[in-house]
Structures are given as structure tokens and as C-alpha cells.
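Hi,

Here is the structure I promised to pass on. Have a look at it first, and then read my notes underneath.

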Amino acid sequence: MKKNVLDTCYRILLGVILGMFVLGQFGRFELEMGRAIYFQDILLSLFILLFSFQYPKRVIHAIRTNILLRSLIFFDLWIIFTSVLFFHNDVSQLLTSILYLIRFNVIIGFGLTLTSLVQQKIVSMREIRIGVALTTVGIALAGLAQYVFFPDTRSLVLMGWDDHLYRLISTIFDPGFTGIILAVGCLLFLYRFLQTRSYFYPTVLAFLVLFVSLLLTYSRASYLAFGAGVLYLVYLYKRISILLILLLFAAGIILLPSPAGEGVNLLRTASANARVESVQTAFSGMGPLQALIGEGWYAKKQINPLSHSSAPENSYVFIFTSLGIVGVGLWSQLVWRSLQAVKWNSVVIVSCVAIGVHALFSNTLFHPFVLLLLVTIMAGNGPLTQKLSLPKQR
């Protein structure tokens, strides 16, 4: 009876976590000195703690033997080492770095916990996939409502967010990060159509909602990410006809309304210049030592008046400038182990392709909502290899 109750708790928590995902920034609580915590951070931690208390031997064994966890631990230790090295005289900056690291680990830990629950058949892959689909569609519907009833979001600048006019930002409050979530959602539905050749009316409608919403973000990085994902599907299925999706998407871009505002101008240069400036600022002052070990996790070096970003507008530059060549190597190993763990699943790969391309233009890889979406997709599209599986609890 007790186990059945706990199994139900996991499902309920998973549903609430994905529901909080759709709420986006409305689930954010501001702390002092510009720091914030999301309600989903608390729920994710509770999810992991519940599993740890129920299966302590599994967790201990995984920490000792799981090669993916080992890669994560090495990556964490390097972040802690460099942060203490560079910020030991700045308690506030050190605390900020550690808090970002804790959130990162909580999200990764949630993905690993959810995967273990799938292995034990407590949560099914189908449930996770449906949850992911509903979450992305929920973001799209919230975005469409915002676009119709609240198209002028420039007042959000008073709260520290970027100002946008006639752009779909949904509950994430950012067209770029909203765009990549919608792009991944579109690709997941498109993959399902190609895999099953089933065009059930509600799924087609959901795809169209995501498709139109993605267009209305006016996010060029998200457009490129979606295009890269479609091209991967062309390569995967060896079907040129899939390119028709890109032609429809291009036609949609051409037919987009062009109301007032710089943000809807797809030839705008201000945001591109700001991204270049953020990268140049990140590289400024770096010497041989910094190139080797970095300058610290989320070092206060980024100055970009056009963005609220706390890191360079490029995830790969962020990793290199924060953690150096050593950190890049450890991060690459972590990514490699993660892809090995899911046996290079095509759904995971197409999601990674899109997010990886988008990461060239924003710090997408470490955005909490994008990272949470990715680990949930990975948990729902395993299976893990035997080498990474956990022993049965006695």
C-alpha cells in the first residue's frame, strides 16, 4: 500500500512540475541581490528527495558506479574549484555561482531520477511523452493568448526583462527561449508523424498551434534551430519530401505581419550586435591561464544593456570563458555519456540538434526551462544502457 501511494505521488509531482513549467516566470520568486528561485526548483528537489529516501541503496550505488554520474561529479568539482579560486574574496559572487550550480544539478538529478522510475515501471515513457507534448502546447497557447491580448510587453522592462512589442513571449517572457521550446515541440510532433504515419486530428492541430506560435516569436535563432532539426530528420529518414515543411515555414515567415517595432524586423541588427558585444566582452582580458581553467562560473563580466542575460549570448563561449579548456573537456564528456546513456535515441538527438544550434546565439544550454525540457525528453526516450542501470532494491 505504501509503495502504491508513493508511486502515485511521483506521478502527481511530475504533473505539477510540468504544470509549473507552463506557468514559466509566474512561478518565480525574487530574492535579494537579483537572485531568484522558481517554485519548480522546490518541486524538483522534493521529487529527488522522495526517491532518495525511498531507495537510498540505489542512490549510493549509483554515485559509486554510474559513469554518467561520475562525469557529472567531476564537472561539478571543477566548477566549485574554479569558483572558489576566483571568487573567494567575493562572497556574493561565490554564492551566486554555487546557487546556479545547485539548480543545474537539481535539474539533472530530476532527469536521472525520472529515468530510474521509468526503469522500475513506476512512470511510463508514454506518460512522459504526453506530458512533454502537453507542456510545449501549453506554452504555445499561453503565448498566443499573450500575443492577442497583451502584445505590448514593453512594461516588463520595469521588472528587469527585455522590452518586446508584437512578439510572442509566452510565460517565459523571452521570445528566444520561448521559441526554442516551441521549435523542439514542433520537431517532436513532426518526428511522431514520420515515425507512425498517423495524423490524428488533435495531434495535427497541436502541431499547427506550435508551428504558428514559433513563427510569431520572430526569433531568428529559433527559426534556425527548427530548420536544423528538420534537416536532421531529412538525413535520418532519407526523405527529401520533408523539406516541404521548411518551404511552408519560409512561406509563413514571408507572410508574417509587420507591425511597428524593431523586434519584428527580421533584418534587425541591434540584437545581433549586442550578441557580438557580449561575446567580445566575455573574451576580453583572457590570458593563457584563463584559457586553461576559465574565469569562474557566471563571473560578473557580461555587460549588455539590451539584455537581462547574466552570461555571454553563446553557451559554448560561456563554458569556455567560465571553465576553460579543462571545463570544456569535462562538459563534452558529460554530454557524450548522456547521449550514450539513451543509446543515441533519435528523438533526443533531434532535440539536441535544435538546442545546440540555438545555443550559438543564447546561453540556451543552461536556461532552466530548456534544460528541464531536455532532461525530461531524455527520460522519456531511453532506454539507458545496462552499464548505467541501477540495481534492484532489496
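Below is what turned up, going from salt bridges to a pocket and then to the surface.

One thing to keep in mind: this is a predicted model.

Salt bridges first. Searching the whole structure gives four of them, and three are worth a walk-through here.

The one I'd look at first is between R103 and D41, whose side chains meet at 3.1 Å, N to O. R103 sits in helix α5 (residues 91-119) and D41 in helix α2 (residues 39-54), so this pair ties together parts that are 62 residues apart in sequence. And are the two partners buried or exposed? R103 has a relative accessibility of 17%, so it counts as buried, given that the cut-off is under 20%. D41 is buried as well, with a relative accessible area of 10%.

Next, R28 and E30 form a salt bridge, with 2.6 Å between the closest N and O atoms. Here R28 counts as partly exposed, at 24% relative accessibility.

Then there is D152 with R154, where the closest N and O atoms are 2.7 Å apart. D152 counts as partly exposed at 28% relative accessibility, and R154 also falls in the partly exposed class, at 41%.

Now the pocket. I went through the second largest one, which holds about 710 Å³ of space. It is lined by 23 residues, and those closest to its centre are R129, I130, A133, L188 and R192. Which elements give two or more residues to the lining? They are α6 (125-149), α7 (175-196) and α8 (201-216). The largest share comes from α6, with nine residues. As for the chemistry of the lining, 13 residues are nonpolar, seven are polar and three are charged.

Last, the surface. There is a nonpolar patch of about 500 Å², made by I63, I73, F74, L77, I80 and V84. Helix α4 (residues 67-87) gives the largest share of this patch, five residues. If you want a place to start when you colour the patch, try L77, which lies in helix α4.

If you open the model with these in mind, I'd go to the R103 and D41 pair that links α5 and α2, then to the pocket lining around α6, and finish on the α4 face of the nonpolar patch.

Cheers

Conventions. Residues numbered from 1 in each chain as written. Predicted model: local features only at pLDDT ≥ 70, side-chain atom pairs only at ≥ 80, totals over all residues. Heavy atoms only, no water. Patch = residues over 30% accessible without salt bridge, like charges linked within 9 Å, V, L, I, M, F, W, Y side chains within 5 Å. Areas by Shrake-Rupley, 256 points an atom, 1.4 Å probe, with all protein chains shown as cover. Salt bridge = Lys/Arg side-chain N within 4 Å of Asp/Glu carboxyl O. Helix = DSSP H or I, 4+ residues; strand = E, 2+ residues; numbered from the N terminus. 1 Å grid on protein atoms, 1.4 Å probe; cavity = no way out; pocket = protein on both sides within 12 Å on 5 of 7 lines; lining within 4 Å. Points joined across faces, edges and corners; volume = space filled by probe spheres on them. Nonpolar A, V, L, I, M, F, W, Y, C, P; charged D, E, K, R; others polar. Buried < 20%, exposed > 50% of the residue type's maximum accessible area, 1.4 Å probe, protein only.
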